[in-house]
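Colleague: Pick one part of this model and give me a close look at it, please, then work outwards from there. Keep it chatty, but put in the cut-offs.

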Amino acid sequence: MTRVGIAGTASYLPSHWMPAAEIAAASGIPESVLVEKFALRGKHIAAADEHVSDLSVRAASALLEEAGVDAKSIDVVMYFGSMWKDFAVWQAAPWIAHRLGASRSYAVEYDNVSCGSPVALRLARDMLVAEPELRSVLLVGACRESYLLDYANERSRFMFTFGDGAVAALLVKDGGSNELLGSYGLTDGSLSLQVKVARGGSVHSNDGYPFLDVADPAAMKEQLDRISLENFVRAAEGALSRSGLGLGDVAYLCPLHVKRSMHDALCEALGIDPARSEVLDDTGHMSGVDSLLGLDRAVRAERVGEGDVVLLLAAGTGYTWAASVVRWGAYR
């Protein structure tokens, strides 16, 4: 049976940090509300000339250097980050691979929204299992969506937590000390038109609103309040079941960044001590980056130990809930 391992992870956060006080001044939301309810002490903001490809290259370069891996040995470079990239109709993966020196890599584009990390792990694992000649997949994801925010638009206020950053992970066949196990996902497409940037597509090519917007915030909130927690649990249980595990086996949770009440409700529903869950209150939400960034941070801070089962859990507008399971330090 083919085993897929994670040989390493790394991340990159832009140097400029926007504290909650500045977000409060721009949005009119009190700083105390941002910190206590939004779980946001601040977030990183990319420089004006720092794009998704640049963020991705910084994270991936750090990973390859730390792991001692030659970029020329990588079989696949997969970009899985935000759909808002350097150019409107363009693939980031080939440019990222070229800049890394991954000259023999097949470049794959899986740009997505906030469910990115668990789904990217699933896709990369499936490629390695299905194709005998493939030995390694370098995942790179980035977000620069702080630039898509209009702080005067109250309809999009739940997205005022959006910040910028990147993460990378190296997946290898029959190697790596950390085993990637099962994944699961589910979608409710009735919510697919709620969150979008209208400008740039074929419906509104040049005349749409150029920032992130929510069509009907009240209707979206009402529907998500009914189904979101249940679907998070379904995704988690599905991924764990495919791993031959249950909720009681989870030692650590790496979720996407959510408001504090949802984080606490999620931990309670999953039976996980909130102290054993990553909270990205100094970065905010970074599209599909969050869960893998949380894993990278938790491992480096030694909050995840040898043999721990880690659950990566996320959801993205569309609306899709997804989970992947990793047994960290399973092989030494």
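Modeller: Helices here are DSSP runs of H or I with at least four residues, strands are runs of E with at least two, and both are numbered from the N terminus. Residue numbers start from 1 along each chain as its sequence is written, and side-chain values use heavy atoms, with hydrogens and water left out. This is a predicted model, so local features need pLDDT of at least 70 and side-chain atom pairs count only at pLDDT 80 or more, while totals for chains, interfaces and linings use all residues.

Let's look closely at helix α3, residues 52–67. Its 16 residues, at 1.5 Å a residue, should span 22 Å, and the C-alpha atoms at its ends are 23 Å apart, so the two values agree (the expected span is 1.5 Å times one less than the number of residues). Right after α3 comes G68, with a positive phi of about 65 degrees.

Which residues of α3 are buried? They are V52, S53, D54, L55, S56, V57, A59, A60, L63 and L64. Buried means under 20% relative accessible area, exposed means over 50%, and partly exposed is in between, using a 1.4 Å probe and protein chains only. As background, an α-helix has 3.6 residues a turn, so residues three or four places apart point the same way.

Those buried residues of α3 pack against four strands and a helix: β1 (4–12), β4 (76–79), β6 (136–144) and β7 (164–173), plus α4 (93–100). Contact means heavy atoms within 4.5 Å.

The α4 neighbour deserves its own paragraph. The packing angle between α3 and α4 is about 45 degrees, and their axes are 10 Å apart. That angle makes α3 oblique to α4. The axes are lines fitted to C-alpha atoms, for helices over the stretch in contact, with angles from 0 to 180 degrees between N-to-C directions. Under 35 degrees is roughly parallel, over 145 roughly antiparallel, 65 to 115 roughly perpendicular, and the rest oblique. The crossing of α3 past α4 is right-handed: the near helix is turned clockwise from the far one by less than a right angle, whereas anticlockwise would be left-handed. On the α3 side the residues are S53, D54, S56, V57, A60 and S61, and they meet W95, I96, R99 and L100 of α4. Sorted by class, this α3–α4 contact has five nonpolar, three polar and two charged residues. Nonpolar covers Ala, Val, Leu, Ile, Met, Phe, Trp, Tyr, Cys and Pro, charged covers Asp, Glu, Lys and Arg, and the others, Gly among them, are polar.

Now hop over to α6 (residues 217–242) for a second helix pair. It packs with α7 (residues 260–270) at about 45 degrees, with axes 10 Å apart. So α6 is oblique to α7, and this crossing is right-handed. S228, L229, F232, V233 and A236 of α6 meet M262, A265, L266, A269 and L270 of α7. In this contact the tally is nine nonpolar, one polar and no charged residues.

While we're on α6, N231 sits in that helix and counts as buried, because its relative accessibility is 7%. N231 touches L186 and W321, leaving out residues up to four places away in sequence. D188 is 43 residues from N231 in sequence, and their C-alpha atoms are 9.5 Å apart. P217 is in α6 too, but P217 is partly exposed, at 32% relative accessible area.

Two loop residues take a positive phi without being glycine. For A39 the value is about 55 degrees; A39 belongs to the loop between α2 (31–36) and β3 (42–45) and is buried at 2%. From A39 to P217 is 178 residues in sequence and 20 Å between C-alpha atoms. For S287 phi is near 50 degrees; S287 is in the loop between α7 and α8 (290–300) and is likewise buried, with 2% relative accessibility.

One last backbone detail: the G318 to Y319 peptide bond is cis, with omega near 5 degrees. Y319 is in the loop between β12 (309–316) and β13 (320–327).
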